[in-house]
Amino acid sequence: MQTIDSPAHILQTIFGYDSFRHNQKEIIDQVLDGKDALVLMPTGGGKSLCYQVPALCLPGVTVVVSPLIALMKDQVDALVLSGVKAAFLNSTQSSSEQAYLSDQLKNNELKLIYVAPERLVGQDKQFLQFLKTIPVSLFAIDEAHCISQWGHDFRPEYRVLGELKGTFPDTPIIALTATADGLTKKDILLQLNLKAPKVFENSFNRPNIFYTVKPKRGHYEELVDYLEAHKNDSGIIYCLSRAATEKLAEDLVEDGFQAAAYHAGLEKNLRDERQDLFLKDEIKIMVATIAFGMGINKSNVRFVIHVDLPKNIEGYYQETGRAGRDGLNSDALLFFGAGDVIKLKSFAQVEGNEEQTKILLKKLDKMVQFCETKRCRRKYLLNYFGETASDNCGSCDVCLGSRTLVDATLIAQKFLSAVARMNEKFGAGYIIDVLRGSNSEKIRAEHKKLTVYGIGKDLSKDEWHHYAKELLYEDYLQQSNGEYPVLQLTEKSKAVLFRAEKAFLNEPAKQVIVKEPIIYQQHAYEKELFENLKKLRNQIAHEENIPAYIIFSDSSLLDLSTYLPLKRSDLPNISGFGAFKIVRYGNAFLEMVQDYCIEQKIATRMDLKGPQKRKPPRIVKEKETDTKKLSYEQYQKGNSIEAIAEARGLSPATIESHLSFYIHQGKLSLDEFVKHPHQELIKKAAEKHGRLSLRILKDNLPDNISYGSIRMVLNSLPAD
Ligand code: ADP
Ligand code: ZN
């Protein structure tokens with residue numbers, strides 16, 4: 001196929017990345033060869049680039065079919081910020097806006113157009129017929145598993161996509177999904193009528209997700225500790241019931257966290273608002289039922305926590321998969337308690353359908369096994385999905401040895417006898433002080449005379465607290481209710497104390513594992529700078545009313561705070577800094593890095609980044625074309641915009657954009673088209689929100705200011 005630019009060049013200048021990931025390159029080559037492809041890649045793997053890069057290499061437009069409006073908007077905003085001509089078509093747009101888009105398509109001015117499936121083939125196939133009249137280079141079907149009844153998310157409207165191949169026999173189709181078992185895979189190929197397709201599979205392993213399971217007992221404090229240690233991060237906490245999400249969100253807010261609840265029972269407006277605030281990092285923690293997350297593209301979700309047991313591995317994997325799409329280390333933490341198993345077992349009973357009940361129970365069983373396994377959790381997950389894996393992944397709680405059972409009989413005996421000697425009337429802190437022989441005045445004189453006083457000096461306070469929790473978890477102790485809970489003995493503890501039965505407990509983790517982003521394994525990064533860069537990004541995001549991660553991903557900011565670029569010419573070598581974003585945001589971020597380096601008296605580390613191979617960015621200037629000239633001449637002859645549009649079979653918006661070119665050249669005056677006060681309002685809005693998205697500006701201006709006026713004013717402003 002004829003191409004206009006090379007994939008590697010596009011990857012570097014537009015997206016700002018050095019190299020392709022996984023098999024992106026092979027996939028792109030297949031598509032550029034004009035052949036069909038099915039891509040199976042886990043979430044965060046980088047599916048979008050598999051069609052976005054070809055879209056920019058190919059001469060015509062790429063039509064992207066995507067099921068969710070919110071997702072389309074997100075993707076288009078991100079592309080526009082990188083300087084890519086992309087748009088979406090959906091029912092929320094006015095007919096004049098739609099007409100403008102179809103003119104842009106006719107003039108081959110868009111590289112990507114996102115549409116919902118029903119839009120593509122519905123309405124008497126009007127749009128499909130229209131597409132036949134313009135140069136379509138590629139069809140990309142996102143979330144392709146939606147076409148199959150065997151998948152977990154069948155959408156009947158996807159079925160019509162089967163007609164694409166017949167209508168466009170020579171246009172390649174690329175289908176992409178993050179979830180497809182063997183049956184679904186075959187079905188996608190069949191339903192889409194793909195021609196000699198190549199299937200590209202990747203491992204479903206998510207190496208940057210760290211899996212941990214903890215006992216669900218006294219877990220609120222552990223949760224708070226965790227969140228406290230991750231105050232600057234965003235994450236999702238999944239609960240089983242709607243009521244539980246509200247209660248937990250309330251508690252967390254009371255404890256000073258930026259949290260909110262999300263579930264299907266909330267009004268749509270409220271849901272949308274909260275989701276939006278989460279995307280913008282203004283709500284850090286979303287406490288949600290599984291209703292939340294489908295179509296969330298946010299790349300910097302740093303943790304996913306399950307405080308209730310998921311129903312099956314599929315759900316667990318999908319939910320935890322929402323963490324770490326940017327490739328940075330992220331946590332999947334699950335609190336596991338036997339009570340949840342009982343509850344879920346009763347939910348799994350499908351009346352009158354024994355077969356289904358059996359399947360659900362079996363799946364639940366597998367989930368429980370995952371929690372209880374003493375072997376690598378990653379291996380368990382991958383095996384479940386039919387992949388092989390090594391025995392030790394080195395990045396789950398089991399592999400890092402935080403769950404090695406040891407013979408702790410002596411330790412248990414010491415602790416339990418202290419509980420007994422003090423008549424089961426004290427809490428863990430006090431008991432530990434006695435065991436360690438504390439001189440504090442808080443310790444009563446009579447306790448200082450006990451034989452257990454000071455027999456536990458060999459262990460640290462933290463180690464004793466760990467064992468106290470273990471004893472509780474393993475039912476060697478129980479805790480009373482009430483305001484001042486005390487520790488009491490159980491049947492099991494008596495066996496250890498009086499019948500010398502052995503007690504096996506988990507050893508404390510050897511050291512607290514402070515996980516750093518992957519890049520840290522190579523070079524140290526400047527933490528404070530990283531946090532400040534995040535703040536700068538949030539501020540810009542807020543001003544422009546777009547999600548922060550669309551501006552730059554966390555990994556881009558990490559790259560900045562690791563390699564400390566000090567010159568503008570360093571920026572193209574920073575991950576995610578494409579030409580357009582450098583023009584738009586480069587200075588702000590560069591200045592912050594420079595100031596930091598001066599203040600801290602440190603030098604750049606760009607030399608650690610390896611040879612600099614990228615060319616400096618270039619921005620293409622707009623040129624006069626015949627079609628613009630024709631509109632201009634007719635306007636000069638006294639024809640109105642509407643009349644020219646009518647006569648030329650184009651939309652008024654297109655004529656406006658033609659004329660804007662001449663305003664910019666100084667040949668026409670803006671005042672002829674837009675009232676002066678409106679001009680001022682639009683200019684102010686453009687300063688505040690940026691000029692890249694017309695929609696964002698329209699949303700932030702009075703209703704009586706049209707898209708046309710906004711476009712004209714923007715076009716009249718000097719270039720950035
Ligand atoms: P998916 O759709 O498969 O879930 P995305 O396409 O959203 O994943 O990509 C996840 C993240 O990885 C995005 O932030 C994207 O920009 C980034 N990414 C994709 N490919 C590369 C690459 N080759 N180098 C660096 N980052 C990449
Ligand atoms: Zn492991």
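Two strands are said to pair when DSSP finds at least two bridges between them. In this predicted model, that criterion applies to strand β3 (residues 86-89) and β4, which run parallel and are joined by four bridges. Within this pairing, F88 has Y114 in β4 as its bridge partner. Between β3 and β4 the chain passes through helix α5 (residues 95-106), and the resulting β-α-β crossover is right-handed.

Strand β4 also pairs with strand β2 (residues 61-65), again in the parallel sense and over four bridges. Here the bridge partner of V63 is I113 in β4. The side chains of β4 (residues 112-115) may be considered next. In a regular strand, side chains alternate between the two faces of the sheet. In β4, L112 and Y114 point one way, I113 and V115 point the other way, and all are buried.

The second region to consider is the site of the zinc ion (ligand 2). Its protein donors are the SG atoms of C376, C393, C396 and C399, which lie 2.3 to 2.4 Å from the ion. The spacing of these donor residues in sequence is C-x16-C-x2-C-x2-C. C376 and C396 link distant parts of the chain, 20 residues apart: C376 belongs to the loop between α15 (354-372) and α16 (377-384), whereas C396 belongs to the loop between α16 and β14 (405-407). The arrangement around the zinc ion is tetrahedral because the four donor atoms subtend angles of 101 to 120°, and four donors count as tetrahedral if all angles lie between 85 and 135 degrees. Residues under 20% relative accessible area count as buried; C376, at 5%, is therefore buried, and C396, at 0%, is therefore buried as well.

Aromatic contacts form a further theme, for the structure holds 19 aromatic pairs. A pair of aromatic rings is described by the distance of the centres and the angle of the planes. One of the pairs is formed by Y226 and F303, which are edge-to-face, with 5.4 Å from centre to centre and 85° between the planes. Y226 lies in helix α10 (residues 219-229) and F303 in strand β12 (residues 301-306), so this pair ties together parts that are 77 residues apart in sequence. Y226 is buried, at a relative accessible area of 13%, and F303 is buried at 1%.

Y384 and F385 also form an edge-to-face pair, with 5.3 Å between centres and 90° between planes. Y384 counts as partly exposed, with 25% relative accessibility, and F385 is partly exposed at 33%. Elsewhere, Y211, Y316, F370 and Y380 form one aromatic cluster.

Lysine side chains also lie over aromatic rings. K298 lies over the face of F278, 5.1 Å from the ring centre. K492 is placed over the face of Y476, at 4.6 Å from the ring centre.

The final position to examine is A603, in the loop between α25 (579-600) and α26 (626-636). Is A603 buried or exposed? Its relative accessible area is 53%, and because exposed means over 50%, A603 counts as exposed. The C-alpha atoms of A603 and L564 are separated by 7.6 Å, although the two residues are 39 residues apart along the chain.

Notes. Residues are numbered from 1 along each chain as its sequence is written. Chains are lettered from A and ligands numbered from 1 in the order in which they are written. This is a predicted model: local features need pLDDT of at least 70, side-chain atom pairs count only at pLDDT 80 or more; totals for chains, interfaces and linings use all residues. Side-chain values use heavy atoms; hydrogens and water are left out. Donors are N, O and S atoms within 2.8 Å of the metal (3.2 Å for Na, K and Ca); water is not among the atoms, so sites may look incomplete. Four donors count as tetrahedral if all angles lie between 85 and 135 degrees; four count as square planar and six as octahedral if opposite donors are over 155 degrees apart and all others between 65 and 115; anything else is irregular. Helices (H or I, at least four residues) and strands (E, at least two) are DSSP runs, numbered from the N terminus. Buried means under 20% relative accessible area, exposed over 50%, partly exposed in between (1.4 Å probe, protein chains only). Rings of Phe, Tyr and Trp (its six-membered ring) pair if their centres lie within 6.5 Å; planes under 30 degrees apart count as stacked, over 60 as edge-to-face and the rest as tilted. A charge sits over a ring if NZ of Lys or CZ of Arg is within 6 Å of the ring centre and within 35 degrees of the ring normal. A crossover is right-handed if, with the strands pointing away from the viewer, the path from the first strand over the helix to the second runs clockwise.
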